[in-house]
Amino acid sequence: MEQAMLTNNVSMLARQHYFMGYFYDHYSNLPDSAFNNYKNSKNYFAALNDSLWVGKILLSMAIVQKDQNDFFGSKETVTEAITYLNGDEHRKEMVQCYNLLATNHRKLLNFEDALAYFQKALDLTDSAQDVLQFKNNLAVTYIDYGKYQKAVDILKDIIDDPSLNRTTTQYARVLDNLSYAKWLLDGRDETEALIKALTIRSQKNDRRGQISSYTHLGESNMKRNPDAAMAYFDTVINIARKIRMPRAETDALMFIMQLQPHNIGVRNRYIILKDSLEKEELMVKTQFAKYKYDDKQKQESILRLEKEKAEQTLLATRERSRKIMSYLGSITLLLGLSFAIYYFGQRTKRLKEETKTAKLVATLETEADMSRRLHDDFGAGLNQTMLMLQGDADKSKILDRLDGLYNQSRSFSREVNEVNTGPNFKEELSEMLRFRTPSQTNLIITGAKDMDWDSIQPLSKMVIYKILQELMINMGKHSNATLTTIGFKVSGNTLLVNYSDNGVGASKRELNSKNGLRNTEKRIQAIGGSITFDSDKGAGFNANMIVPV
């Protein structure tokens with residue numbers, strides 16, 4: 001993954017995120033992680049214009065939502081998946097989409113829509129096993145709909161099919177549903193057939209199937225044999241707890257409350273468990289919705305930036321000749337003023353402090369680093385632009401080059417400008433942090449609003465500003481972080497500042513080789529504070545500052 005990100009191999013990133021999502025989905029049972037990785041994979045495949053894989057991954061995302069009982073969200077996602085698939089070329093995926101849509105509608109009690117989509121899946125599939133499965137799903141929908149005779153007719157047709165192996169869990173499922181539908185239709189005793197289905201499921205260790213069988217046995221014996229019904233429902237609860245299926249337990253408790261209406265313990269357990277399930281499902285739905293909303297906002301931002309770039313290119317074409325000389329003059333003047341202001345301002349302030357030697361070393365190292373950046377980054381670009389002018393290069397390319405140099409100089413100017421440590425320091429700090437936050441990164445700041453910044457020494461505020469600026473620059477260039485947090489807290493006569501991101505991190509050797517980080521240590525030591533770094537490759541980055549106030 002790290003190598004793919006470094007080389008920007010979109011195809012590899014798409015597949016690696018898919019495999020990670022599949023692992024979290026099918027092996028680790030982490031639906032949030034599975035959904036998020038599927039989403040990232042979908043975006044990479046979209047960049048490759050691979051509509052089949054976009055549709056397949058949207059289908060996987062919808063299945064994750066359905067399994068977490070987010071039926072509305074699942075319905076929206078699978079509907080989006082269908083727009084990327086072609087019924088003739090992607091028949092297998094379309095069949096799965098229709099089956100999932102039908103299941104969602106059934107769970108939402110939209111029985112007519114569920115029946116229609118199950119029929120679409122039946123009409124499109126060319127698999128004999130799928131036909132049996134979808135017919136069974138169709139019959140179960142009729143049972144939920146209260147149309148028991150239609151369910152019985154369909155299930156009889158399935159159970160008489162010679163291709164149905166009578167020792168499989170599929171046969172047990174059909175037999176169980178048929179017996180249950182017959183009991184609902186005319187109240188006949190179907191205990192023998194239900195137990196036969198249960199026996200097969202027990203032999204195959206089909207725990208979920210056993211829950212269904214015991215539930216149907218309990219429900220059909222509630223009036224005929226209440227004691228037996230209680231035993232069946234108790235078994236449902238035991239199995240549900242073993243395989244962590246709380247919804248099955250709530251269903252059993254609901255039936256037990258009918259058998260024992262005065263049992264307060266059962267009623268309280270039912271209420272507590274149902275409330276817990278509703279809270280958990282709401283939290284999951286909210287999280288899935290947030291992932292999709294954030295992704296939509298990101299894609300809209302990219303499109304908006306592309307549109308703005310196209311408009312700026314058109315405007316630049318019209319004003320090409322005028323901008324060339326004005327950019328050169330503006331950039332040269334801006335760089336000169338910025339460097340002069342920074343150099344003299346920083347030099348004067350540091351020389352006024354008690355620890356003059358340490359502060360001067362920090363200043364000189366900072367200046368050396370900025371000088372190198374001016375020479376290597378901006379100087380090289382400016383020299384190349386001059387060569388392009390002398391060689392009568394295409395004016396559009398020259399203008400694009402100057403645009404880049406201009407934006408580079410603005411970013412550099414923001415970095416080196418004097419910091420306003422007066423009443424507006426909090427706003428200036430917040431603005432810098434927002435400016436340095438990449439579009440794909442979420443920034444969370446805590447404690448800043450409650451700070452009494454007027455009580456902090458101006459020099460301390462300047463050091464805090466510069467160190468956080470250096471950390472944000474490093475994060476934007478190297479970390480690929482999606483979440484960055486910065487916390488402020490006053491403890492006694494010190495201010496504690498914590499920086500953390502979930503990026504790629506850095507090894508101890510890499511930390512020691514970064515000039516910018518060494519400069520931050522000298523800056524904070526010059527005012528009697530300290531800073532510690534904590535990071536490992538692939539494990540994010542943390543920095544903790546202690547600043548005297």
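Me: Which lysine does the side chain of aspartate 67 meet in a salt bridge?
Reply: Keep in mind that this model is predicted. The N to O distance is 3.1 Å, and a salt bridge here needs a side-chain nitrogen within 4 Å of a carboxyl oxygen, so the pair qualifies. The partner of aspartate 67 is lysine 66.

Me: Is aspartate 67 buried, partly exposed or exposed?
Reply: Its relative accessible area comes to 43%. Buried would need under 20% and exposed over 50%, so aspartate 67 falls in between. Its partner lysine 66, at 24%, gets the same label by that rule. The call for aspartate 67 is partly exposed.

Me: What about arginine 188 and glutamate 190: is glutamate 190 buried or exposed?
Reply: The two side chains meet in a salt bridge, 3.8 Å from N to O. Arginine 188 sits at 40% relative accessible area, so it counts as partly exposed. Glutamate 190 has 11%, and the cut-off is under 20%, so glutamate 190 is buried.

Me: How many residues apart are arginine 224 and aspartate 189?
Reply: Their side chains meet in a salt bridge at 3.7 Å, N to O. Arginine 224 lies in the loop between helix H12 (207-220) and helix H13 (226-242), while aspartate 189 is in the loop between helix H10 (169-186) and helix H11 (191-203). The pair therefore links distant parts of the chain, with a separation of 35 residues.

Me: Which residues do salt bridges with shared partners join into one network?
Reply: The structure holds ten salt bridges. Some of them share partners, and that sharing makes one network. Its members are Asp186, Arg188 and Glu190.

Me: On to the strands: how many bridges join strand S1 to strand S2?
Reply: S1 covers residues 442-446 and S2 covers residues 483-491, and the two run parallel. Asparagine 442, for instance, has leucine 483 in S2 as its bridge partner. The count of bridges between S1 and S2 is five.

Me: What is the handedness of the β-α-β unit made by S1, helix H20 and S2?
Reply: Helix H20 spans residues 458-479 and belongs to the unit together with S1 and S2. A right-handed crossover would run clockwise with the strands pointing away from you, and this unit has the other label. The unit is left-handed.

Me: In which sense do S2 and strand S3 pair?
Reply: S3 covers residues 494-501 and pairs with S2 over eight bridges. Along the way, valine 490 stands opposite leucine 495, and phenylalanine 488 stands opposite valine 497. The sense of the pairing is antiparallel.

Me: Which residue takes a positive phi in the hairpin of S2 and S3?
Reply: This hairpin has two residues between the strands. The positive phi is near 65 degrees. The residue is glycine 492.

Me: What is the strand order of the open sheet?
Reply: The sheet has five strands with mixed pairing. S1 and strand S4 (530-535) are its edge strands, each pairing on one side only. Neighbouring strands are turned by 10 degrees against each other on average, direction ignored. The order is S1-S2-S3-S5-S4.

Me: How far apart are the end C-alpha atoms of residues 95-128?
Reply: UniProt lists this span as "repeat: TPR" in an unreviewed entry. In the model, the span is 82% helix and 0% strand. The distance between its end C-alpha atoms is 13 Å.

Key:
Residues are numbered from 1 along each chain as its sequence is written. This is a predicted model: local features need pLDDT of at least 70, side-chain atom pairs count only at pLDDT 80 or more; totals for chains, interfaces and linings use all residues. Side-chain values use heavy atoms; hydrogens and water are left out. Two strands pair if DSSP finds at least two bridges between them. Helices (H or I, at least four residues) and strands (E, at least two) are DSSP runs, numbered from the N terminus. UniProt positions are given in the numbering used here, feature names are shortened, and annotations may be inferred rather than shown by experiment. Axes are lines fitted to C-alpha atoms, for helices over the stretch in contact, and angles run from 0 to 180 degrees between N-to-C directions. Buried means under 20% relative accessible area, exposed over 50%, partly exposed in between (1.4 Å probe, protein chains only).
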